[in-house]
Every structure is written in C-alpha cells, then in structure tokens.
Amino acid sequence: MTDALVLVVDHGPVRVLTLNRPEAQNALSRGLIKAAYTALTEADADESVGAVVLTGADPAFCAGVDLKEAQRDGLSYFEEFRSQSCIAATGNMRTPIIGAINGATFTGGLEMALGCDFLVASERAVFADTHARVGILPGGGMTARLPQVVGLAMARRLSMTGEVIDAARAEHIGLVTEVVAHDRLLDRAVELAMQIAEVPGPVMLGLKEIYTTGAAAVIDPALAAEQRIAFAQHRDFEGLGDQFRAVSERNKRQIDR
C-alpha cells in the first residue's frame with residue numbers, strides 16, 4: 001500500500017479517488033484535507049475526466065474530523081477548511097462525482113459524501129451525523145444538504161440524536177441510491193460513472209448546472225447560516241478542546257472494556 005493520502009487511479013474517463021488513512025478510519029487530518037482537496041480540484045480541472053468516483057480505503061469511508069489533531073492544533077485545524085476544504089470541494093465540482101461508500105461515514109465524512117451527485121453503498125456502510133455528540137456544530141453543509149436528501153424531519157433526527165444507520169436504512173430514507181455487496185462496490189460505482197462519462201461533455205455540464213442552480217436557492221442560504229454560526233463556535237476553542245478531550249476519554253474507556 002502506498003503512503004499517498006489519496007490514491008488516484010484512472011479507468012479511461014473515470015477517475016477513482018481513494019482516501020487513504022485506513023489506520024485512522026480515513027479521519028480528516030490536515031494532510032488528508034489538503035491531499036483530498038488537491039485531488040478533487042485537479043480531477044475537476046482535467047478535461048479527460050468525465051466522471052469521478054470517491055471512496056475510502058477499508059474499513060471506513062471517512063470518520064470526519066480528526067479529533068486528536070483538532071485538540072492539538074486548535075483553531076488552526078478548522079482554518080484548514082476555509083482555504084482548501086475537501087468537504088466543500090465535492091459539492092463545488094462541475095464534473096459528476098459518485099460517492100462509493102465502503103464503510104463508516106461520520107460527521108465531516110458524511111458532509112463530504114453529501115456533496116457528491118449521488119451515493120452507492122456497500123452492505124457494510126454505516127452513517128451518522130455525530131457533530132452534536134462530539135460537541136461541535138456542522139460547518140460543511142450538513143444542515144444545508146442532508147434535508148434535501150432525506151427530508152427535514154429525518155435530517156433533524158439524525159443530527160440531534162447522532163444515531164448510526166446501516167446501509168439498508170440509508171437506502172430506505174434516500175440517503176443512498178443503491179446497496180451492493182462489499183466486493184462489488186467499486187466495480188458498480190465505476191460502471192455507473194462510465195455511463196455518465198459516455199454522455200457528451202457539454203450536455204452533462206449543462207445537466208449538472210441545472211441541478212446545481214435549482215438546489216442553490218435552498219442550499220446556499222442554509223450553508224451561509226451554518227458556516228456563520230459554526231465558525232463563531234470554533235473561535236471559542238477552549239471549550240471545544242474540553243469537548244474533544246471528553247470524547248477521546250470516553251472512546252478510550254469503551255475500547256478498554
């Protein structure tokens with residue numbers, strides 16, 4: 001396995017990007033934030049790429065915020081998302097992007113997935129918005145995009161409870177469009193991406209623009225409000241540090257059991 005934080009493989013016009021910190025559940029370290037942002041923006045700028053598949057190195061898709069780095073680096077950790085946010089990059093892409101969800105997808109990882117055009121999931125995938133339980137507010141589009149996919153009441157339920165849902169439940173509520181056997185996930189995602197890449201580029205570009213423009217009237221104001229409130233909270237990092245330490249200690253006690 002290469003040491004690269006994001007693996008890049010081209011299948012003709014389809015580019016597969018794999019988040020590659022499996023030992024940390026692909027949590028968003030500062031290094032992975034930068035590497036994923038670069039890989040996504042470079043794919044979007046490459047005219048030879050007709051579609052992108054985003055996935056994670058097993059066993060997880062992305063666990064979200066790297067709690068250890070956030071506790072250590074404070075506000076500077078969150079500032080990383082202002083200049084080169086891999087979470088925002090998925091939602092800003094002009095190139096079609098499919099999320100191939102192979103495992104745990106939490107907090108910022110779920111926000112990154114929600115920026116994709118649609119999701120295909122492994123039977124092993126699980127999802128949760130654990131922002132509130134960790135002690136932070138979402139700032140990457142959770143409250144803007146999740147209601148568009150699963151409905152307002154279900155989005156509120158997921159964010160307020162932090163409950164974990166499996167792949168079958170995610171398909172039932174519309175979070176993912178299809179669930180496949182784990183060993184077929186990438187092949188299926190690439191197959192769908194190939195179908196997308198067969199459409200003439202200008203036509204697909206226009207189709208994405210139509211969908212994006214239609215959704216922007218709802219998503220953009222919600223995203224602006226979310227970021228305003230969330231980044232105001234992040235500036236008070238002393239309190240957040242206490243929250244992260246409490247979460248880390250709780251997780252350690254659970255592991256020790």
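Biologist: What percentage of the 257 residues in the protein are buried residues?

Modeller: Buried residues make up 49% of the 257. Buried means under 20% relative accessible area, exposed means over 50%, and partly exposed lies in between, with a 1.4 Å probe and protein chains only. This is a predicted model, in which local features need a pLDDT of at least 70 and side-chain atom pairs count only at pLDDT 80 or more, while totals for chains, interfaces and linings use all residues. Residues are numbered from 1 along each chain as its sequence is written, and side-chain values use heavy atoms, without hydrogens and water.

Biologist: What pLDDT does the protein average, and where does pLDDT stay under 50?

Modeller: pLDDT is the predictor's confidence in each residue, from 0 to 100. The protein averages 90, and 89% of the residues score at least 70. Residues 251-257 stay under 50, and the model has 1 contact for them beyond four places in sequence. Contact means heavy atoms within 4.5 Å.

Biologist: How many helices and strands are there in the protein?

Modeller: There are 12 helices and 10 strands. Both are DSSP runs numbered from the N terminus: a helix is H or I over at least four residues, and a strand is E over at least two.

Biologist: Why is Thr18 called buried?

Modeller: Its relative accessible area is 13%, and the cut-off is under 20%, so Thr18 counts as buried. Thr18 is found in strand 2. Apart from neighbours within four places in sequence, Thr18 is in contact with Leu5, Val6, Leu7, Thr55, Gly56 and Ala57.

Biologist: What makes strand 1 and strand 2 a pair?

Modeller: Two strands pair if DSSP finds at least two bridges between them. Strand 1 (residues 6-11) and strand 2 (residues 14-19) have 6 bridges in the antiparallel sense, so they meet that condition. One of the bridge partnerships sets Asp10 against Arg15 in strand 2. The two strands form a hairpin with 2 residues between them, and Gly12 in the turn has a positive phi of about 60°.

Biologist: Why are strand 1 and strand 10 said to stand at the edges?

Modeller: An open sheet of 6 strands has the order 1-2-3-5-7-10, with mixed pairing. Strand 1 and strand 10 (178-180) each have a single partner strand, so one side of each has no neighbour in the sheet. Within this sheet, strand 3 (residues 51-56) and strand 5 (residues 97-101) run parallel and are joined by 3 bridges. Leu54 stands opposite Gly99 in strand 5.

Biologist: What order do the strands of the open sheet of 4 strands have, and which are its edge strands?

Modeller: The order is 4-6-8-9, again with mixed pairing. Strand 4 (60-62) and strand 9 (165-166) are the edge strands, as each pairs on one side only. Strand 4 runs parallel to strand 6 (residues 104-106), with 2 bridges between them. Cys62 stands opposite Thr105 in strand 6. Helix 5 (residues 107-114) packs on this sheet and touches strand 4, strand 6 and strand 8 (126-128).

Biologist: Why is helix 5 described as largely enclosed by the rest of the structure?

Modeller: 8 of the 8 residues of helix 5 are buried, so the description follows. Among them are Gly108, Leu110 and Met112. Thr107, found in helix 5, has a relative accessible area of 5% and so is buried.

Biologist: What is the phi of Thr107?

Modeller: Thr107 has a positive phi of about 40°, although it is not a glycine. Most residues other than glycine have a negative phi, and most peptide bonds are trans. Gln25 also has a positive phi, near 60°. Asp58 and Pro59 are joined by a cis peptide bond, with omega about 20°.

Biologist: Why does Glu163 count as partly exposed?

Modeller: Its relative accessibility is 25%, which lies in between the two cut-offs, so Glu163 is partly exposed. Glu163 lies in the loop between helix 8 (152-161) and strand 9.

Biologist: How do you know that the side chains of Glu163 and Arg157 make a polar contact?

Modeller: A polar contact is a pair of N or O atoms within 3.5 Å; within protein, one must be able to donate a hydrogen and the other to accept it, and residues adjacent in sequence count only if both atoms are side-chain atoms. The contact between these two side chains is at 2.6 Å, so it falls within the limit. Beyond four places in sequence, Glu163 touches Phe127, Ala128, Arg157 and Leu158.

Key. Axes are lines fitted to C-alpha atoms, for helices over the stretch in contact, and angles run from 0 to 180 degrees between N-to-C directions.
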